[in-house]
Amino acid sequence: MGAVLSQAFPWSGLLLLLVLVRLTKGVAFADAYALVSRPFWPGPSQQEWLRSSQRLAADLRFSQLAQDNARLRGLLDLGQVHSGAIQAAVISREVDGWWQQILLNKGTLAGLRVGDVVEGPGGLVGLVGQVSLSTATVTLLTDPASRIGVWVARTRQHGLLSGVGTSRPVLRFLDKDPQVRPGDVVLTSPASTLVPPNLPVGVVQSIDQRANPAPEAIVQLSAPVDAIDWVEVLVRRSP
Amino acid sequence: MSSLARQPLCLASIFLVPLLTLAAPAWLGIAGVSPSWGVLWLLPWALVEGPVSGAIAGLMLGLLLDGLHPGPVSEIPALLFLGWWWGRFGRRFPPLERSFSLGLLAMVGSALLGITLLLQFVLLQPDTFIQALRGSQLSVPPRGWTPSVLGMAGLHILGAQILITGLLAPILCSLQLLFWRRQRVLQR
């Protein structure tokens, strides 16, 4: 009997160990594997690859959404589709005079047309008002002749942004109770036929709730027109 | 046409005006507003050359400057009148040499130019202006030079431009007067 027990002990011990492994779902093995394989874990470079592939996926998705948006806007006949952007330098600026405008070093030879949208670092700057062969005059958002459709994305309230000759244009809401507060971001309206949708324009600085017939807000523009040297002109093509 | 106009280099200096307007050096402005370069060039020219040449120069200058800005508003009426008026001034009175007189004439000229621009901004959109003035319940907010815009920006630009033009005139116009009077004497 003693001899049988002494022969069975190692095997019974192994059996007990395997039962333990089974009962613990192999956590010990997993931990041991983790310990052993630690030097071969994905390092920072592999994390970067992952991030890069995520960025690529996001870019592709954004591009696809932009194409879809352009196609749908074309179907709805909501203005013209922008085919590309042209970089242009600001060669003259008149931001506080009788006319608020800047002069760009690109004109019809580069494909610019009257009404093209001009974007600077930070957001929308204005629309091309006049073009020559090699220059374009941009009417700024601050010019009293400028008026574009915008909305406050947080509350989805639409309004018209009108230049008043100062550095801060006025946003006149169409609704009597826009529920807008200082700090809200103003974007170009998706319903606008003049400008592409959702370009950043500025931030609501103050609101006059007593204005007649609807409240008005003073908007601080996000693109510093008096400081920027380069802008991007969104060139249009017919849908 | 008088003698200065026959000198191509003197007449060509008129092209400096649109170039300076475009360059708009920020250090030569008050509150971001540049001086009226047209007034600063036209004043000495008209004083030396007389009313006819002054008016023609005003017309040429207006045509040049109007090309720089979109829209129908024009600087021609004011510059044409100023050229003629300053020309008469130069012919009827002893030659102007005092800085104060030059500064004052430039300020009056700048004021007149600014006021004619303001009037045109208003008169070219009379419906908008009148509706905004009455405070009617417009479904679409008015665009352009409404009374509030005139009050906020118009008076600010007008005041700043009059001031900086009047300050620069004694320096720049005196130099131009000296140079052009000398050229005129040499021509004779």
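## A buried threonine, a barrel and a two-chain contact

Leaving out neighbours up to four places away in sequence, A:Thr137 is in contact with A:Gln101, A:Ile102, A:Leu103, A:Leu127, A:Val128, A:Gly129, A:Gln130 and, from the other chain, B:Pro70. That makes A:Thr137 a handy place to start a walk through this predicted model. The residue lies in strand S5 of chain A, and with a relative accessible area of 5% A:Thr137 is buried, because buried means under 20%.

### Strands around A:Thr137

What does S5(A), residues 136-140, pair with? Its partner here is S4(A), joined to S5(A) in the antiparallel sense over five bridges. Within this pair, A:Leu127 stands opposite A:Thr139 of S5(A). The link between S4(A) and S5(A) is a hairpin that passes through four residues.

S4(A), residues 123-131, also pairs with S3(A), residues 117-120; these strands are antiparallel too, with four bridges between them. There A:Gly120 has A:Gly123 of S4(A) as its bridge partner. The hairpin of S3(A) and S4(A) leaves two residues between the strands, and A:Gly122 takes a positive phi near 115° in this hairpin. As general background, strands of a sheet pair through backbone hydrogen bonds, in either a parallel or an antiparallel way.

Now let us stay with S4(A) for a moment, since A:Leu124 lies in this strand. Is A:Leu124 buried or exposed? With a relative accessibility of 2%, A:Leu124 counts as buried. Neighbours within four places in sequence set aside, A:Leu124 has contacts that include A:Val117, A:Val118 and A:Glu119, as well as A:Leu141 and A:Ile148. Further along the sequence, A:Leu124 also touches A:Thr188, A:Val195, A:Leu199, A:Pro200, A:Val201 and A:Ala223. A:Arg154, by comparison, is 30 residues from A:Leu124 in sequence, with 19 Å between their C-alpha atoms.

### The barrel

In which order do the six strands of the barrel in chain A close? The order is S6-S7-S8-S11-S10-S9, with antiparallel pairing. From one strand to the next, the twist averages 40°.

One of the strand pairs is S7(A), residues 157-162, with S8(A), residues 170-173: they run antiparallel and are joined by four bridges. A:Gly159 has A:Phe173 in S8(A) as its bridge partner. After S8(A) comes a loop leading to S9(A), residues 185-188, and A:Gln179 is found in that loop. A:Gln179 has a phi near 55°, a positive value in a residue other than glycine. This residue counts as exposed, with 53% relative accessibility.

### Chain A as a whole

Chain A holds three helices and twelve strands. Its radius of gyration is 31 Å, well over the 18 Å given by the globule rule for 239 residues, so chain A is more spread out than a compact globule. The C-alpha trace of chain A spans about 115 × 50 × 40 Å along its principal axes. As for burial, 38% of the 239 residues of chain A count as buried. Among contacts in chain A with a separation of 6 or more, 56% come from residues 24 or more positions apart. The accessible surface of chain A is about 13800 Å², and carbon and sulfur atoms account for 62% of it.

### Where the chains meet

How many residues does each chain bring to the contact? Chain A gives 26 residues and chain B gives 32 residues. About 2400 Å² is buried between the two chains, with 60% coming from carbon and sulfur atoms. A:Trp98, A:Trp99 and A:Arg147 together supply 35% of the area that chain A buries against chain B, more than any other three residues.

Chain B offers two residues worth a look. B:Ala31 lies in the loop between helix H2 (16-23) and helix H3 (37-49) of chain B, and its phi is near 55°, again positive in a residue other than glycine. B:Gln176 is part of helix H8, residues 147-187, of chain B. Not counting residues up to four places away in sequence, B:Gln176 touches B:Leu40, B:Trp41 and B:Pro44.

To round off, here are the relative accessibilities of four residues met above.

| Residue | Relative accessibility | Class |
|---|---|---|
| A:Leu124 | 2% | buried |
| A:Thr137 | 5% | buried |
| B:Gln176 | 18% | buried |
| A:Gln179 | 53% | exposed |

Definitions and conventions. Residues numbered from 1 in each chain as written. Chains lettered and ligands numbered in written order. Predicted model: local features only at pLDDT ≥ 70, side-chain atom pairs only at ≥ 80, totals over all residues. Heavy atoms only, no water. Pairing = 2+ DSSP bridges. Axes fitted to C-alpha atoms, helices over the stretch in contact; angles between N-to-C directions. Rg over C-alpha atoms; globule rule 2.2 N^0.38 Å. Buried < 20%, exposed > 50% of the residue type's maximum accessible area, 1.4 Å probe, protein only. Contact = heavy atoms within 4.5 Å. Areas by Shrake-Rupley, 256 points an atom, 1.4 Å probe, with all protein chains shown as cover. Buried area = accessible area lost by both parts, 1.4 Å probe.
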